[in-house]
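The report that follows takes up backbone geometry, the sheet and the ligand shells in turn. Please keep the sequence and the structure in view while reading.

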Amino acid sequence: MGAEPSAIMPTLKPAVRLKPMRGYALAHAHHPSLIRMIDPSHAFFLSLCSGGLNLREIAYLYGETFGLAEPERVEQAGQLLELYRMFLDFHQQRGQATPRFAPERFLYPGDDAVIAAAAHGKWPVPAGINVTLTFKCNFNCSYCYQDLLQAGDQRWDLAKCTDLVDEAADWGVVFLGLTGGEPTIFRGWLELIERGLSRGMIPTMTSNGTVIGTSAEFAQRLAAAGMEEITISFDAPTADLHDAVTQSRGHFPKVVAAIRYLVDAGLRVVIKSVLTPATQHAIEPMIEMLVDLGVHEIGISYMESGAIKSGANSAPNVTIDELGAVRARVQALRERHAGRCDIHPPKDATRKWKDDDWYPCGGINMGMSIFPSGDVSVCDKMHKVSDFTYGNVFEAGLEAIWNGDAFAALRARTVDPDHIDPDCAKCSKLYSCRTSCFVDSFNATGKYLAKDPHCGGPFFN
Ligand SMILES: C[S@@+](CC[C@H](N)C(=O)[O-])C[C@H]1O[C@@H](n2cnc3c(N)ncnc32)[C@H](O)[C@@H]1O
Ligand code: SF4
Ligand code: SF4
């Protein structure tokens with residue numbers, strides 16, 4: 001029999017953080033896929049989940065603080081536990097109390113209107129900025145979704161990017177995403193990560209590993225600065241196949257070295273691998289190799305469509321039957337390596353999203369994508385798509401752009417029945433979804449605001 005519900009010890013998961021903001025608080029993990037705007041009193045409750053208190057004791061402290069008597073305090077504590085399950089572990093035994101976030105930091109009034117507006121897609125501060133540091137790349141991957149032939153602005157350099165990081169940190173932005181092209185080709189990429197970390201931000205970066213693999217020092221500096229996780233792209237287990245997919249020569253040993261250096265330095269290494277007709281037969285040896293190298297997570301993805309001029313839009317993709325076969329093979333490896341490496345098979349591209357696995361794009365609601373031209377857009381695939389470009393960082397500050405008329409008009413367009421698909425217009429998820437992926441819709445139909453081709457909606461609850 002399990003323990004009495006009030007005797008369990010809810011404990012914040014190690015990667016979870018709580019951050020006070022004006023009128024609300026943030027609960028999040030070290031990746032932007034898990035972040036919630038919550039009432040400060042809820043963050044107060046979560047801050048008490050330290051492993052040393054059981055639910056009844058937490059309810060007591062919560063009730064005494066906010067003037068709630070029994071049984072209301074116990075009921076509310078139970079509801080909060082349900083609401084924030086994704087941030088908690090549950091222990092049956094009392095452990096060492098290790099408070100990580102001072103509860104008194106969350107004793108300020110929440111602003112219901114701000115929190116409700118976020119549910120309607122207007123975050124007061126974006127959760128993250130996603131910076132395309134450069135369009136340049138030393139690879140030319142056959143599947144790449146980016147248009148790598150675009151030009152940046154002469155003024156785009158480390159000083160400008162450092163100012164952007166400082167501005168974002170001052171404003172309260174949590175995540176600093178760095179991408180490209182190949183972000184490590186940008187002069188100063190490591191200093192930028194160090195700056196973000198020193199300002200309390202959480203940097204995330206996806207890299208092809210060619211620069212990081214030239215010296216163990218990069219990985220060591222990242223670890224010393226406090227970088228927790230990094231994503232490395234890796235698609236093939238042999239040098240020849242790697243050369244073929246990346247349409248480059250001789251980089252394979254450096255990429256393997258990068259993974260080794262990063263694992264040795266103690267970073268959590270996530271591998272992102274894109275399935276292509278050329279690499280699908282080498283999935284097993286590739287996964288075995290990566291597990292032996294000690295990576296923590298491997299995500300295999302089906303090739304997505306990309307920016308308007310990207311190679312991905314004309315590159316051959318695996319067939320649906322081939323995808324099914326790969327999914328089964330990867331699933332078997334997932335089970336074999338469970339507990340050692342978290343392996344994600346590619347999604348079933350034929351299955352339309354259902355209500356319970358619907359996946360909106362967060363770009364327009366929660367993030368800003370910034371390009372070397374200075375343009376700000378909703379997505380790193382949408383450079384120079386004028387309808388979705390709502391500012392330029394050489395002309396205005398981030399906060400002014402986020403709160404500016406151009407972005408307000410764009411937001412309004414994405415829920416306007418005159419512009420969107422009739423299915424979306426009647427869908428209950430419209431304000432958080434906003435028709436989802438504009439790029440996939442455009443590549444499928446020629447219209448950015450068409451209903452996402454992967455969606456099985458509309459939904460009505
Ligand atoms: C555009 S790259 C930029 C960062 C870096 N150059 C790299 O490759 O890691 C970002 C990520 O997108 C992935 N990617 C590129 N094209 C893709 C496509 N068509 N479908 C799915 N993922 C893709 C890459 O594998 C990489 O993990
Ligand atoms: S996926 Fe990354 S490494 Fe490959 S060509 Fe695109 S930007 Fe370069
Ligand atoms: S019907 Fe439209 S708004 Fe609703 S979930 Fe699908 S894409 Fe999003």
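## An unusual backbone angle

Does K384 count as buried or partly exposed, judged by its C-beta neighbours inside 10 Å? In this predicted model, K384 counts as partly exposed because 16 C-beta neighbours fall inside 10 Å, a number below the 20 that a buried residue needs. K384 has a positive phi of about 65° although it is not a glycine, and its position is in the loop between strand 14 (375-377) and strand 15.

R434 also has a positive phi, near 55°, and is not a glycine either; R434 lies in the loop between helix 16 and helix 17. R434 is buried, because 24 other C-beta atoms lie within 10 Å of its own. As background to both cases, most residues other than glycine have a negative phi, and most peptide bonds are trans.

## Cis peptide bonds

The peptide bond from E70 to P71 is cis, with omega near -5°, and P71 sits in the loop between helix 2 (55-66) and helix 3 (72-83). Another cis peptide bond joins G457 and P458, where omega is about 15°; P458 belongs to the segment after helix 17.

## The sheet

The model has an open sheet of 10 strands with mixed pairing, in the order 12-11-10-9-8-7-6-13-14-15. Strand 12 (342-344) and strand 15 (389-392) are the edge strands, each of which pairs on one side only, and the twist from one strand to the next averages 20°.

Several of the pairings are in the parallel sense. Strand 7 (residues 175-180) and strand 8 (residues 202-207) pair in this way over four bridges, with P203 in strand 8 as the bridge partner of L176. Helix 5 (residues 158-171) packs on the sheet, where it touches strand 6 (128-134), strand 7 and strand 13 (367-370), and its direction makes about 175° with that of strand 6. Strand 9 (residues 229-233) and strand 10 (residues 268-274) pair in the parallel sense over five bridges, and the bridge partner of E229 in strand 10 is R268. Strand 10 also pairs with strand 11 (residues 297-301), in the parallel sense and over five bridges; here V270 has E297 in strand 11 as its bridge partner.

## The annotated domain and ligand 2

UniProt, in an unreviewed entry, places the feature "domain: Radical SAM core" at residues 123-340. In the model, the end C-alpha atoms of residues 123-340 lie 37 Å apart, and the span is 39% helix and 17% strand.

Ligand 2 is surrounded by C137, F139, N140, C141, C144, Q146, G180, G181, E182, N208 and S233. By class, this shell has four nonpolar, six polar and one charged residues.

## Ligand 3 and helix 17

Around ligand 3 there are 15 residues, of which the closest are C424, C427, C433, C455 and G457. Helix 15 (422-425) and helix 16 (430-433) each supply at least two residues of the shell, and the shell as a whole has eight nonpolar, three polar and four charged residues. G457, among the closest residues to ligand 3, is also joined to P458 by a cis peptide bond.

Helix 17 (residues 438-445) is mostly covered, with six of its eight residues buried; the buried residues are F438, V439, D440, S441, F442 and N443. Just after helix 17, G446 takes a positive phi of about 85°.

Technical notes:
Residues numbered from 1 in each chain as written. Chains lettered and ligands numbered in written order. Predicted model: local features only at pLDDT ≥ 70, side-chain atom pairs only at ≥ 80, totals over all residues. Pairing = 2+ DSSP bridges. Axes fitted to C-alpha atoms, helices over the stretch in contact; angles between N-to-C directions. Contact = placed C-beta atoms within 7 Å. Near = placed C-beta within 6 Å. Nonpolar A, V, L, I, M, F, W, Y, C, P; charged D, E, K, R; others polar. Buried ≥ 20, exposed ≤ 12 C-beta atoms within 10 Å, placed from the backbone. UniProt positions renumbered as here; feature names shortened; annotations may be inferred.
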